[in-house]
Structures are given as C-alpha cells and as structure tokens.
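Dear colleague,

Please find below the structure I said I would pass on, together with its sequence. My notes on what was found in it follow underneath.

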Amino acid sequence: MKKILVVDDSALMRRVLCDIIDNDERFHVEDRAVNGLEALDLLSRKSYDAVVLDVNMPQMNGLELLRELQKRKISVRVLMASTDTKEGAKTTLDALELGALDFVHKPNNAMDCRTDAFKNRLIRVLSAVAESREPALGKSFSMGELKTAKKMVELVGRHAADVTGNKIVALASSTGGPRALQSVVPRLPKNLKAPVVIVQHMPAGFTASLAERLNSLSEINVKEAAEGDVLEAGTVYIAKGGKHLNIQAEPGRYSIHYTDEPAREGVKPCANYMYESLMDSRYDQVVCVVMTGMGADGTEGIVHLKEKKKIHVIAQEASTCAVYGMPRSIVNTGLANQTVPLDQIAQEIIMNVGVK
C-alpha cells in the first residue's frame, strides 16, 4: 500500500482528498499537513510514495516548499492539486520545473471534488506519480546547457546535412513531459529540415504557456498549434489541450486540423489520432518519438501508421523517464528503432531528419 502525504490549508479539502485517496485500496494517507512548513518537517523525517500538494497556503506555499526541498536535496514524488492550476498555468509550469511530476485541477468548491470525473483523474494521476522514478534534483535546462546544445547541434548538423527526403517529427509525451521537453526542444536547431508536432497530455489552457516557455528557451520556433496552421520546417507545433490534433493534407502543403472526439486512452489530446492522421500523407518518412508518460498512448497509432508509411521510432530510455509507460508500450511491440536517454533524443532527431 502506497503511503501518501496530503498538504492543504483547507480542513474540508484535506478531508475530501483524503477520503478519495483512502477509498482506493492501493493508497493510504499516512500524514496530513496544513502548510509547506509542516510538510517540510514531515518530509525531513519520513518518506512517502507521493505527496499531494496545494499551491496557495500560509507561511510556506507549495512553490516555496518545492524550492526548499531542492535546496535541501530532498527528493519526493509530488502531484500538484490546486485551484491555481486552472488559470495559473505559469504557476503550474513553475511547479513542474521545480520537480512536481504532474498536476490536477482542484475545483474551487470542495463538494465538487466528489464528482466521478475528479476522483478518477486524481487517482489515475496519483497512481502514475506514486509509481514513477523520483525526479532528478536540480534546475531545468540552463543557459549553460543551451550553449553546449548549440555546439552539439553544429557537430551533429555537419553529419546530418546530407539527409534527404521530406520528413516530419511526431512526438508524444505525458507525465513528466513538460520538464522532459525542456531537454529536447531547446536542443533542436532553427534550420531543422522538418516540422515537429507534439502531443503533450495537458488540459485546455496550459499548452499555450508551455509553448511560450519552450519558445523562450529555444532557437527553433515553438508555438501552440492553431487551427489551419500550415506546417513549416524548423517550427515546433504543440497540440492544444482539450482537442485532438490531426495533420491534414492539402495541395502542396499540410495543415493543423482539430477534432473533438471523446478522450481516447483516457486523454485529450491523444497522440494516436496524430499518428493515424499521417497514414495517407505524402511524407517520405515519419520520425515518431515516444517519451515519458503513463499508459500506452501512441502505440496503437504508430502500429497503424507503420501499415502505410515508412517510420523511424525513437523511444526514451527507461532510466531517464519519470514514468516508463508509453515508451515501454512501443518498445514491447518491437517497432522501436532506437531507445535513447532523454538528453540524446534531440541529436537523434537531427540525425534522422537533417538540417537545411
């Protein structure tokens, strides 16, 4: 049984969250804390399989606690659960950069937390977080790493300059993905000879902030994909949360088209739709990249894509994944051409699609 620490300043919210968690036989709420200071004291003395952490609390809030845990080199698996995560996408991304593995939007009213939709989402994500590898301590992609990445791009680019063919990169990620993408996207050059489309499992309202943050770190152009966007080489398109992204063929070009089918694999956007939309494309090859995440999204789509298109599949290596679910699923099919650590994914993308 997994031991859980719940940190929230609202007594009613703590009760509701604890009831939901304790109602699942896989989990037991071992301790409760009313703010970051109480949680810090507990985490300094005890270990837990996961921490459910609020953002807005007196004395020490959730972000301050995450920073203090990093400073003291205390590694914990954290799931953010806050009303801030609905509108405060920046706060959520800050939490993910500081080591939180995933998040759920907590309704403003504690009674609304008793809906099946919220209960199922909380337990599903908590399960993935509790089973995940503990996050690496330290900061995300730094300017120093960016300089190193540029040198790597120049080196790899010299070897990839003669890569031929009209290609596209299609990447799928979930739990642990926003942080992991910071080790991939900023390492891609602006003269990459292919467009990159990304399905990162996130609700509506968060993917625009994710795209802005990645764009600020990168030389390659990064944007949240808009309906009708024409795909261009050297641009990264991130699927909007809450819609399914498809690549639509038009005379002489390809564009983004969103559809509103129900969630698939329990997620929306779902990478399977993205991969399947490329089945009848005229691309010479689709470079499929499957990164950290729970479940098996991407596998079915890639299996179907393989029936009609030449593909090259890159899977993230297990020890560098927060959650080795999606990559494991595609590796188990035997379709993965490469299994590489997170910090080598960008160079393998460059080697496969080339630079202009």
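To begin with a single side chain, is R253 buried, partly exposed or exposed, judged by its relative accessibility? Before I answer, please keep in mind that this is a predicted model, and that the values below were computed from it. R253 has a relative accessibility of 40% and therefore counts as partly exposed, since that class lies between the limits of 20% for buried and 50% for exposed. R253 forms a salt bridge with E250, in which the closest N and O atoms are 2.7 Å apart, and E250, with a relative accessible area of 21%, is likewise partly exposed.

That pair belongs to a longer list, for the structure holds 18 salt bridges. Another of them joins D260 to K243, with 4.0 Å between the closest N and O atoms. D260 sits in the loop between strand 11 (253-259) and helix 10 (271-277), while K243 sits in the loop between strand 9 (235-238) and strand 10 (244-250), so this salt bridge ties together parts that are 17 residues apart in sequence. K243 has a relative accessible area of 34%, and is therefore partly exposed.

The salt bridge on which I would like to spend more words is the one between R213 and E97, where the closest N and O atoms are 3.1 Å apart. Because R213 lies in helix 9 and E97 in helix 5, this pair ties together parts that are 116 residues apart in sequence. R213, at 17% relative accessibility, counts as buried, whereas E97, at 23%, counts as partly exposed. The pair is also part of a network of salt bridges that links K90, D94, E97 and R213.

This brings me to how the two helices meet. The axes of helix 5 (residues 89-97) and helix 9 (residues 207-217) come within 9 Å and cross at roughly 55 degrees, and the two helices are therefore oblique to each other. The crossing in which helix 5 passes helix 9 is right-handed. On the side of helix 5 the contact is made by A89, K90, L93, D94 and E97, and on the side of helix 9 by S209, L210 and R213. Sorted by class, the contact of helix 5 with helix 9 comprises four charged, three nonpolar and one polar residue.

As for helix 5 itself, seven of its nine residues are buried, which leaves the helix mostly covered. The buried residues are A89, T91, T92, L93, D94, A95 and L96. Just after helix 5 comes G99, which takes a positive phi of about 120 degrees.

A second helix pair can be set beside this one. Helix 1 (residues 11-22) and helix 6 (residues 116-131) pack at an angle of about 65 degrees, and their axes are 10 Å apart. Helix 1 is therefore roughly perpendicular to helix 6, and their crossing is right-handed. Here the contact is made by L17, I20 and I21 of helix 1 together with F118, K119, L122, I123 and L126 of helix 6. The contact of helix 1 with helix 6 divides into seven nonpolar residues, one charged residue and no polar ones.

With best wishes

Key: Residues numbered from 1 in each chain as written. Predicted model: local features only at pLDDT ≥ 70, side-chain atom pairs only at ≥ 80, totals over all residues. Heavy atoms only, no water. Axes fitted to C-alpha atoms, helices over the stretch in contact; angles between N-to-C directions. Helix = DSSP H or I, 4+ residues; strand = E, 2+ residues; numbered from the N terminus. Parallel < 35°, antiparallel > 145°, perpendicular 65-115°, else oblique. Left-handed = near helix turned anticlockwise from the far one by under 90°. Contact = heavy atoms within 4.5 Å. Nonpolar A, V, L, I, M, F, W, Y, C, P; charged D, E, K, R; others polar. Salt bridge = Lys/Arg side-chain N within 4 Å of Asp/Glu carboxyl O. Buried < 20%, exposed > 50% of the residue type's maximum accessible area, 1.4 Å probe, protein only.
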